[in-house]
Structures are given as C-alpha cells and as structure tokens.
Amino acid sequence: HAKAHDRGKCVLFKDDMRDKILNSIQMSSLLRTALDQNLFSLVYQPILELNTMTVSGVEALIRLNDSDGRPVSPMVFIPYAEQHGYISSISEWVIKTAAQQTSDWRRLGFDNLRMSINLSGKCLTNSAVVNTLQKYVKACRLKPEAFDLEITETAIIEDLDLSLNILDELKALGFSISLDDFGSGYSSLTYLNKLPIDTLKIDREFISQIQNEEDELHLLSAIINLAHQLGLRVLAEGVETETQLNYLIRQGCDLAQGYYFCKPVPSEEAERFIASRGFNAAEEISVENIR
Ligand code: C2E
Ligand code: MG
Ligand code: MG
Ligand code: MG
C-alpha cells in the first residue's frame with residue numbers, strides 16, 4: 001500500500017512539473033505571437049462622476065485569447081509577462097492603442113473623456129515609460145491631461161526612490177495618477193502622502209462588503225474622509241449593486257465604476273454607453289433625474 005501510494009505521489013509530482021514547463025512554453029509562445037500578430041485587444045469600462053452620473057472617463061483593460069479562442073486573464077499573463085521580459089512591449093502596445101482610441105473619441109466629440117491606463121510596476125523602475133507615453137501622446141495630438149495612470153502600491157515598493165522620481169516626472173508633465181486597489185494587501189498610509197496621486201481607487205473587496213444601506217463600514221468611511229482631507233478624489237471600483245452605489249453617494253465618494261453601470265466592453269459598445277449617459281455634462285444633472 002505504502003509503495004503504491006508513493007508511486008502515485010511520484011507520478012503526480014512529475015505531471016505537475018511537466019504541466020508547469022508546458023504552460024510556461026505555451027505562455028511565452030502565446031505572448032510572442034500576440035505581439036507579432038497584434039492579437040491583444042483593449043476593452044473599456046466607463047467611470048462615472050457621481051455628482052452628475054455622467055461618464056468622466058474609461059479604464060482600458062487588456063484582453064487576450066489562447067490559440068483555442070479561450071480568454072486568458074490579465075491577472076495570469078501580466079505577471080508572467082513581467083517576469084519574462086514581455087511587459088515593456090505589451091505596455092507600449094497598450095499605450096499606443098489607448099492613445100489612438102482617445103484621439104478617435106475626441107474626433108467624435110467626447111472632449112474631456114479621460115483614458116485610464118494600468119501601468120505595471122515593472123514600468124515604474126525604468127524611465128523609458130516616460131518617453132513611450134510622451135511619444136504616443138504627441139503622435140495622437142493629445143495632452144498628458146487626457147490620461148490617468150493607474151499604479152499599485154506593491155509595484156512602487158520594489159524600488160521606492162526610482163518609482164517616485166518617475167511618478168513625479170509624469171505628474172509634472174500633466175498626467176494624472178491613481179492609486180489602484182487601495183485597501184487590498186499591504187496598503188500603507190505613509191505612501192498616500194509621498195506619492196503624487198490625484199485619485200484613490202478603493203479596492204473591489206471593500207465595496208463588496210456593502211450589503212445593506214444601513215451598514216456601517218467605519219474603515220471605508222475613514223478611508224474616504226482621509227482621502228478627501230489629503231485633497232484626493234475617491235473612486236470606488238467593482239460597484240455591482242444599487243445599494244452599494246447609494247451607500248457610496250451618501251459617503252461622498254466622487255467616482256465609481258463596476259458591473260452595475262457597465263462591464264468592460266469593446267470600443268463601439270463603450271461609445272454607445274457614453275453617448276447614452278452623457279459625458280462632461282455642462283449642466284449638473286441631479287441623481288434623481290437620471291435614475
Ligand atoms: P484592475 O486594474 O484593478 O482592474 C479591475 C478589474 O476588475 C478588471 O478585471 C475588471 O474587469 C474587473 N471589474 C470591473 N468591474 C467589476 C465589478 O463590478 N465586479 C467584478 N467582480 N469585477 C469587476 P480584469 O480586466 O480581469 O483585469 C485584472 C487586472 O489585470 C487589473 O486589475 C490590472 O491589474 C491588470 N490589467 C488589466 N489590463 C491591464 C493592462 O493593460 N496593463 C497592465 N499592466 N495591467 C492590466
Ligand atoms: Mg486598474
Ligand atoms: Mg483596481
Ligand atoms: Mg485589481
């Protein structure tokens with residue numbers, strides 16, 4: 001019995017190893033092919049201004065299918081790309097594509113629509129990202145103000161001084177900066193003061209804790225108040241219910257995005273959503289009127 005058991009274990013272990021190697025080779029080849037043949041795509045999730053319930057911008061999120069047409073999550077391939085030397089090429093593709101889309105939308109008349117781009121932490125340890133951003137902003141005749149760069153804390157902590165320099169430079173050029181996924185993992189209050197950020201994006205995990213409108217989520221309230229005292233705007237990510245939305249409005253949250261409003265969608269669908277909700281509204285539309 002013991003032998004059979006051990007043998008079983010051994011086989012399992014070997015299979016595990018083979019899977020891992022195959023996965024890594026497949027992943028490398030998938031990413032290389034995707035870069036060569038332009039197989040990545042971007043979807044866009046609208047971000048709403050809660051004062052007016054109009055669209056203030058969209059977040060660009062990358063998509064990739066494997067050779068069988070099944071989606072591979074960016075939560076899987078982005079970390080792989082960071083570790084295996086593909087991230088700067090992928091980032092450049094994202095920046096280029098998002099800038100082109102922003103410029104197309106400007107031509108359609110979506111004037112002040114802001115494009116949010118997720119910047120991998122690896123990018124913040126190399127000043128090349130500053131040139132890449134400037135290059136495509138100029139090529140598309142846009143201003144850095146049209147872009148919001150989403151960064152995460154874990155990314156910055158790797159090389160704080162260098163990341164801070166790069167972020168200060170981007171901020172000085174006119175890009176706005178958001179701290180993504182705040183409240184997940186090892187959030188540290190000290191960074192809030194050190195980083196040149198404009199917006200705090202509260203992690204979906206926090207928002208999902210809002211179950212009833214009478215709930216009292218003291219930590220969430222405290223984060224919103226603290227952000228406001230530091231002069232930051234607050235964006236709630238992953239808003240899925242009306243209850244969560246109403247709660248956030250009462251807490252004075254500034255911006256929100258989530259399935260409740262719109263999933264991340266291809267550009268034409270995002271366009272329809274933006275046109276129907278309105279963007280950068282000249283007059284203030286009250287929440288009651290629109291809902
Ligand atoms: P993130 O930047 O925090 O993006 C938010 C994620 O939450 C997205 O997942 C989005 O589809 C999802 N989401 C939005 N609203 C809701 C909601 O109401 N409910 C739920 N359950 N989920 C919602 P996605 O697109 O799978 O992206 C996952 C992560 O991958 C992103 O997290 C970001 O860290 C990374 N990522 C995505 N696109 C890029 C990119 O172009 N470059 C880089 N460097 N990272 C990216
Ligand atoms: Mg993000
Ligand atoms: Mg996030
Ligand atoms: Mg996230």
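Biologist: Which residues coordinate the magnesium ion (ligand 2)?

Modeller: In this predicted model, the magnesium ion (ligand 2) is coordinated by E59 (OE), N118 (OD1), E150 (OE) and D180 (OD). The distances are 2.0 to 2.2 Å.

Biologist: What spacing do the donors of that ion follow along the chain?

Modeller: The donors of the magnesium ion (ligand 2) follow the pattern E-x58-N-x31-E-x29-D.

Biologist: How far apart are E150 and D180, and where does each one sit?

Modeller: E150 belongs to strand β5 (residues 147–151) and D180 to strand β6. They are 30 residues apart, and the pair links distant parts of the chain.

Biologist: Let us turn to the other ion. What are the protein donors of the magnesium ion (ligand 3)?

Modeller: They are D180 (OD), D181 (OD), E237 (OE) and E237 (OE), so listed with E237 appearing twice. These donors lie 2.1 to 2.7 Å from the magnesium ion (ligand 3). Along the chain, they follow the spacing D-D-x55-E.

Biologist: Which residue bridges the two ions, the magnesium ion (ligand 3) and the magnesium ion (ligand 2)?

Modeller: D180 is the bridging residue. It coordinates both ions, and the ions are 3.9 Å apart.

Biologist: Now to ligand 1. Where does ligand 1 sit?

Modeller: Ligand 1 occupies the largest pocket.

Biologist: How many residues surround ligand 1, and which are the closest?

Modeller: There are 22 residues around ligand 1, and the closest are R63, N118, R204, E240 and Y259. N118 also appears among the residues coordinating the magnesium ion (ligand 2).

Biologist: What kinds of residue make up the shell around ligand 1?

Modeller: The shell divides into nine nonpolar, five polar and eight charged residues.

Biologist: Which helices and strands each supply at least two residues of that shell around ligand 1?

Modeller: Those elements are β2 (54–65), α2 (74–83) and β6 (176–182). The largest share comes from β2, with four residues.

Biologist: Which atoms of D180 and ligand 1 lie 2.9 Å from each other?

Modeller: A polar side-chain atom of D180 and an oxygen atom of ligand 1 are at that distance.

Biologist: What about backbone atoms: how far is the one of Y259 from an oxygen atom of ligand 1?

Modeller: A polar backbone atom of Y259 is 2.8 Å from an oxygen atom of ligand 1. For I62, a polar backbone atom is 3.1 Å from a nitrogen atom of ligand 1.

Biologist: How much of the accessible area of ligand 1 does the protein cover?

Modeller: On its own, ligand 1 has 810 Å² of accessible area, and the protein covers 85% of that.

Technical notes:
Residues numbered from 1 in each chain as written. Chains lettered and ligands numbered in written order. Predicted model: local features only at pLDDT ≥ 70, side-chain atom pairs only at ≥ 80, totals over all residues. Heavy atoms only, no water. Near = heavy atom within 4 Å. Polar contact = N/O pair within 3.5 Å; in protein donor to acceptor, adjacent residues only side chain to side chain. Areas by Shrake-Rupley, 256 points an atom, 1.4 Å probe, with all protein chains shown as cover. 1 Å grid on protein atoms, 1.4 Å probe; cavity = no way out; pocket = protein on both sides within 12 Å on 5 of 7 lines; lining within 4 Å. Sits in = over half its atoms within 2 Å of the grid points. Nonpolar A, V, L, I, M, F, W, Y, C, P; charged D, E, K, R; others polar. Donors = N, O, S within 2.8 Å, 3.2 Å for Na, K, Ca; no water.
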